[in-house]
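Here are some exercises to work through with the model open beside you. Try each task before reading its solution.

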Amino acid sequence: MKMKFFLVASMVLFCILGISEGGSLRKNFYKKSCPQAEQIVKNITQQHVFSRPELPAKLLRMHFHDCFVRFENKPKWEVLTGRRDGTVSNSNEVLLNLPAPFHNLTTLRQIFASKKLTLHDLVVLSGAHTIGIGHCNLFSNRLFNFTGKGDQDPSLNPTYANFLKTKCQSLSDTTTTVEMDPNSSKKFDNDYYSILLQNKGLFISDATLLTTKQSRNIANELVSQKTFFTEFAQSMERMGAIEVLTGSNGEIRRTCSVVN
């Protein structure tokens, strides 16, 4: 499996390293230099997603890079290609720029605003928590020590809290995982908002979306799957345009994790 991914990556990289054309992000950026690039990546990725259903949640995190995959019967959006890699790679910058599961609404809004994204984008993109899992240590304080007095988060649905305590039995548990969207964590749908409005959001960053009238109203609107899919696609397109490097800026890395 790893070898197949390596061969595909090498094939695509061989094609695109020769790109000399500049310009901004656009559809079919690799049409001349590597016309099969998008189809190759799409086909291989879908094969692996079929056998590893946890992959879509991880792939969503990769959207800041050129991603070609569209999943059937799920929200679809046109991903413009041509994004180049940065010439600086600093792991310390990651936590400073990414929203954390313990952030409140004020902090989340500041982070999103710094990337020119709105409160609406924040609530919509949080819907990605409809797939994937969360580690106990990222939310167990809500169960056992919310204010430092051995108490439980009063905003958390009591029945759901009791269920979580059967999975995560201490603050020190760093290995156990639970579904972020109970009984629906492998299906990309609008169920996240239904459970959120029942006060069953897993993280503080989920629960905080209900703390203002404006953000709660947005969550209510997204209970409609059609609305959610439409809005999610639009917000993903906006997120994909954050701080783009194109043309002669940046580079195409020969090894993704290392600057050339």
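**Exercise 1. Getting oriented**

Task: Trace the order of helices and strands in the protein chain from the N terminus on.

Solution: Start at the N terminus and follow the elements; they run α-α-α-α-α-α-β-α-α-β-α-α-α-α. That gives twelve helices and two strands. Keep in mind that this is a predicted model. Next, look at burial: the protein chain has 260 residues, and 40% of them are buried. Then turn to contacts between residues at least 6 apart in sequence, where 68% join residues at least 24 apart. Finish with the accessible surface, which comes to about 14,900 Å², with 55% of it belonging to carbon and sulfur atoms.

**Exercise 2. The two sides of a helix**

Task: Work out which residues of H5 are buried and where they sit around the helix axis.

Solution: Begin with the buried set in H5, made up of Leu105, Leu108, Ile111 and Phe112. These residues cover an arc of only 125° around the axis, so they lie on the same side of H5. A general rule helps here: an α-helix has 3.6 residues a turn, so residues three or four places apart point the same way. Now turn the helix over: Thr106 and Gln110, on the other side of H5, are exposed. For the cover over the buried residues of H5, look at H4, H6, helix H10 (204–207) and helix H11 (213–221), which are among the elements that provide it.

Finally, check both ends. At the start of H5, a side-chain oxygen of asparagine 104 comes within 3.2 Å of the backbone nitrogen of threonine 106. After H5 comes lysine 116, with a positive phi near 65°.

**Exercise 3. An annotated proline**

Task: Find the residue that UniProt lists for "binding site", and decide whether proline 99 is buried, partly exposed or exposed.

Solution: The UniProt record, an unreviewed entry, lists Pro99 for "binding site". In the model, proline 99 sits in the loop between helix H4 (92–97) and helix H5 (105–114). Its relative accessible area is 40%; the partly exposed class lies between 20% and 50%, so proline 99 is partly exposed. Leaving out residues up to four places away in sequence, proline 99 touches Leu108, Ile111 and Phe112. Each of these three appears in the buried set of H5.

**Exercise 4. Into the core**

Task: Identify the residues that touch the most other members of the largest nonpolar core, and say which helix gives this core its largest share.

Solution: The largest nonpolar core has 29 residues, and Val123, Tyr193 and Phe232 touch the most other members. H5, H6, helix H9 (191–196), H11 and helix H12 (225–239) each supply at least two residues. The largest share, six residues, comes from H12.

Now take two of the well-connected residues in turn. Beyond its neighbours within four places in sequence, valine 123 is in contact with Tyr193, Leu209, Ser215, Ile218, Ala219 and Leu222. Three of those partners, Ser215, Ile218 and Ala219, are buried residues of H11. They span an arc of only 100° around the axis, which places them on the same side of H11. The cover over them includes H5, H6 and H9.

Phenylalanine 232 lies in helix H12. With a relative accessibility of 1%, phenylalanine 232 counts as buried.

**Exercise 5. A buried serine**

Task: Place serine 126 in the chain and find its contacts.

Solution: Serine 126 is in the loop between helix H6 (119–125) and strand E1 (133–135). Its relative accessibility is 12%, and the cut-off for buried is under 20%, so serine 126 counts as buried. Apart from neighbours within four places in sequence, serine 126 contacts Tyr192, Tyr193 and Leu209. Compare its position with that of phenylalanine 232: the two are 106 residues apart in sequence, while their C-alpha atoms are 9.3 Å apart in space.

**Exercise 6. Positive phi in the loops**

Task: Are lysine 116 and asparagine 183 buried or exposed?

Solution: Lysine 116 belongs to the loop between H5 and H6. Its phi is positive, about 65°, although lysine 116 is not a glycine. With a relative accessible area of 76%, lysine 116 is exposed. Asparagine 183 is in the loop between strand E2 (177–179) and H9. Its phi is also positive, near 65°. At a relative accessible area of 75%, asparagine 183 is exposed.

Terms used. Residues numbered from 1 in each chain as written. Predicted model: local features only at pLDDT ≥ 70, side-chain atom pairs only at ≥ 80, totals over all residues. Heavy atoms only, no water. UniProt positions renumbered as here; feature names shortened; annotations may be inferred. Helix = DSSP H or I, 4+ residues; strand = E, 2+ residues; numbered from the N terminus. Buried < 20%, exposed > 50% of the residue type's maximum accessible area, 1.4 Å probe, protein only. Contact = heavy atoms within 4.5 Å. Arc of directions from axis to C-beta. Polar contact = N/O pair within 3.5 Å; in protein donor to acceptor, adjacent residues only side chain to side chain. Core = buried A, V, L, I, M, F, W, Y, C linked by side-chain atoms within 4.5 Å. Areas by Shrake-Rupley, 256 points an atom, 1.4 Å probe, with all protein chains shown as cover.
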